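Okay, thanks for squeezing me in today. Let me put the thing up on the screen, and then I'll walk you through what I looked at.

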There are 4 protein chains.
Amino acid sequence: MSRRLHLSVPLRWSDADAYGHINNVAVLALVEQARVLFFAQAECDGETLPRLDGENLGRSPIFLTGQRVEYLMPLRLEIEPVSIDMWVSHIGGADCELSYEIRQQPSSPVAATGLNGLVFMNPETGRPRRLSAGQRQVLDSLFGEQVRLRH
Amino acid sequence: MSRRLHLSVPLRWSDADAYGHINNVAVLALVEQARVLFFAQAECDGETLPRLDGENLGRSPIFLTGQRVEYLMPLRLEIEPVSIDMWVSHIGGADCELSYEIRQQPSSPVAATGLNGLVFMNPETGRPRRLSAGQRQVLDSLFGEQVRLRH
Amino acid sequence: MSRRLHLSVPLRWSDADAYGHINNVAVLALVEQARVLFFAQAECDGETLPRLDGENLGRSPIFLTGQRVEYLMPLRLEIEPVSIDMWVSHIGGADCELSYEIRQQPSSPVAATGLNGLVFMNPETGRPRRLSAGQRQVLDSLFGEQVRLRH
Amino acid sequence: MSRRLHLSVPLRWSDADAYGHINNVAVLALVEQARVLFFAQAECDGETLPRLDGENLGRSPIFLTGQRVEYLMPLRLEIEPVSIDMWVSHIGGADCELSYEIRQQPSSPVAATGLNGLVFMNPETGRPRRLSAGQRQVLDSLFGEQVRLRH
């Protein structure tokens with residue numbers, strides 16, 4: 001359980017829908033922000049991953065190929081950030097998969113789970129790029145079992 | 001191929017991300033809007049589905065249990081709406097699954113595909129509610145094979 | 001009253017806030033979209049304005065310097081688009097001001113009004129660029145009195 | 001300069017537009033979030049303001065009557081939150097005005113300024129409600145000159 005990043009993602013008033021719950025699409029904006037934080041914080045022996053934030057505008061070093069989400073219970077609008085655990089559940093030649101669990105607070109039950117499929121890109125050519133040894137090491141350091149989905 | 005709804009969903013300037021493509025999360029906002037249109041337009045012999053728009057604020061008649069999306073190619077920001085085909089690919093006792101394909105324009109190749117899992121709710125009790133015969137008839141009239149996903 | 005564009009901007013489920021009204025910020029996303037349509041549709045004797053949509057990604061031909069909005073009554077979430085009237089209420093050397101009125105439907109009372117200040121830019125240099133004679137002609141053709149604000 | 005709240009509002013990847021800048025509309029989502037924090041944090045001798053967050057879903061204790069914003073320079077997408085100073089620049093019978101300044105970081109030059117007009121509401125009746133002595137005291141404690149706007 002320790003080979004994962006514990007990320008804090010603040011909510012916004014506009015994340016709440018007409019039912020007073022965090023909107024289904026807003027949940028995926030929270031996951032997107034968790035992914036940005038994951039790529040900024042993941043580190044192992046000085047090795048890092050490409051960053052997804054302002055440093056890499058224009059052409060992305062990562063392409064999201066797919067995602068899954070299962071909503072288990074609604075998240076409520078609160079001043080406190082939601083808690084997202086994120087880890088690596090598959091490492092391929094030029095791709096990886098991230099698993100995640102979202103909780104209202106770190107000690108709350110899981111409200112949503114899911115997967116992100118990512119391909120590493122060469123921003124110059126726009127084609128997939130094999131993971132470097134350093135990147136593989138970072139991903140390995142955060143490796144765990146794929147999150148269990150019901151469907 | 002005809003037992004599906006062909007829905008038009010307009011883009012917004014703010015859907016485009018820092019790479020000039022429709023943002024991954026915005027794609028799911030387009031799917032959400034397609035779902036609202038699907039529930040408003042689906043009809044068979046005078047039978048309809050509960051509506052997800054302003055008529056049902058406060059307590060939802062539908063709960064989204066999960067979704068999957070696969071991004072095949074980027075959508076571009078254009079004045080013309082994107083084209084979303086949506087159909088029913090599973091009918092359960094109180095739940096159903098919608099499959100969808102998104103294209104830049106009706107004749108474009110598929111840019112994204114995915115699934116939505118939905119449970120019908122009793123807004124009074126907040127518990128699942130079995131599909132009525134009329135609702136089942138509407139869902140049947142738009143039934144097709146589950147969209148093919150790669151993963 | 002005729003020297004204005006009547007623009008239709010579709011709503012989205014996610015525009016509604018926890019009170020079931022179109023969120024204050026979402027109103028400005030509708031105005032942004034109306035501005036994109038205004039620049040795409042404004043035309044006079046074959047003269048046009050720079051477009052704000054996908055044709056001009058990367059470096060903008062227009063810089064928004066400021067905006068004002070007054071909310072007179074809430075907009076409701078509906079399947080039908082809101083109606084936005086937009087016209088030119090000031091023309092400067094390299095800048096202009098747009099006035100707007102938003103209605104739930106074309107015949108509804110005004111729900112929100114406001115102003116947009118815009119500067120025309122040279123995308124190569126990132127500096128303001130004087131309006132061309134053709135652009136001035138287009139703006140002139142849609143000129144009217146500044147919308148009345150209460151504050 | 002001390003009678004104001006210094007608020008930190010985190011950015012999101014989806015706030016950046018196709019030009020790599022924080023989108024004009026997203027700036028107002030940041031202001032909205034600052035307003036929520038302002039109402040949650042403003043306090044004077046144990047007196048507080050009504051909260052705008054999850055505690056007051058359903059019927060709002062505050063109605064936003066209008067806003068102004070002037071964009072002085074673009075905000076960039078960064079991992080660090082933007083810094084928003086917010087204070088009270090007018091106190092009426094049942095209304096008030098908030099002034100604000102947005103900076104990329106606390107020591108950066110001002111990137112945007114503006115005003116928010118607010119009316120205090122009785123959520124039961126949906127009508128304006130006179131400020132209580134306690135609320136007036138809180139607003140007084142954060143009172144300052146109206147932010148200077150250029151237009």
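**Where B meets C**

So, the contact: chain B puts 18 residues into it, and chain C puts in 18 residues as well. On the side of chain B that touches chain C, we've got nine nonpolar residues, four polar ones and five charged ones. Before I go on, please keep in mind that this is a predicted model.

Now, how do the two chains relate? What turn lays chain B on chain C? It's 180°, with a shift of 0.0 Å along the axis, and the RMSD comes out at 0.0 Å. So what we have here is the relation of a two-fold axis. And both copies use the same surface: 100% of the contact residues of chain B turn up again in chain C.

If you want a landmark for that axis, which residue of chain B comes closest to it? That's B:Pro10, with its C-alpha at 3.7 Å from the rotation axis.

Okay, on to the strands, starting with chain B. Strand E5 of chain B, residues 82-91, runs antiparallel to strand E6 of chain B, residues 95-103, and eight bridges join them. To find your place there, look at B:Ile91, which sits opposite B:Cys96 in E6(B). The link from E5(B) to E6(B) is a hairpin, through three residues.

Then keep following the chain. E6(B) also has strand E7 of chain B, residues 110-122, as a partner, again antiparallel, and here there are nine bridges. A pair to click on is B:Ile102, opposite B:Ala112 in E7(B). This is a hairpin too, with six residues between E6(B) and E7(B). So E6(B) pairs with E5(B) and with E7(B).

Over to chain C. There, E5(C) and strand E6 of chain C, residues 95-103, pair in the antiparallel sense over eight bridges. Within that pairing, C:Asp85 has C:Glu101 in E6(C) as its bridge partner. How many residues lie between the two strands of this hairpin, E5(C) and E6(C)? Three.

E5(C), which covers residues 82-91, has another antiparallel partner: strand E1 of chain C, residues 5-9, joined to it by five bridges. The pair I'd point you to is C:Leu7, opposite C:Ile84 in E5(C). One reminder while you're looking at strands: in a regular strand, side chains alternate between the two faces of the sheet.

So that's the picture: E5(C) pairs with E1(C) and with E6(C), and chains B and C are related by a two-fold axis. Okay, over to you.

Note on methods. Residues numbered from 1 in each chain as written. Chains lettered and ligands numbered in written order. Predicted model: local features only at pLDDT ≥ 70, side-chain atom pairs only at ≥ 80, totals over all residues. Pairing = 2+ DSSP bridges. Helix = DSSP H or I, 4+ residues; strand = E, 2+ residues; numbered from the N terminus. Contact = placed C-beta atoms within 7 Å. Nonpolar A, V, L, I, M, F, W, Y, C, P; charged D, E, K, R; others polar. Least-squares fit on C-alpha atoms with pLDDT ≥ 70 in both.
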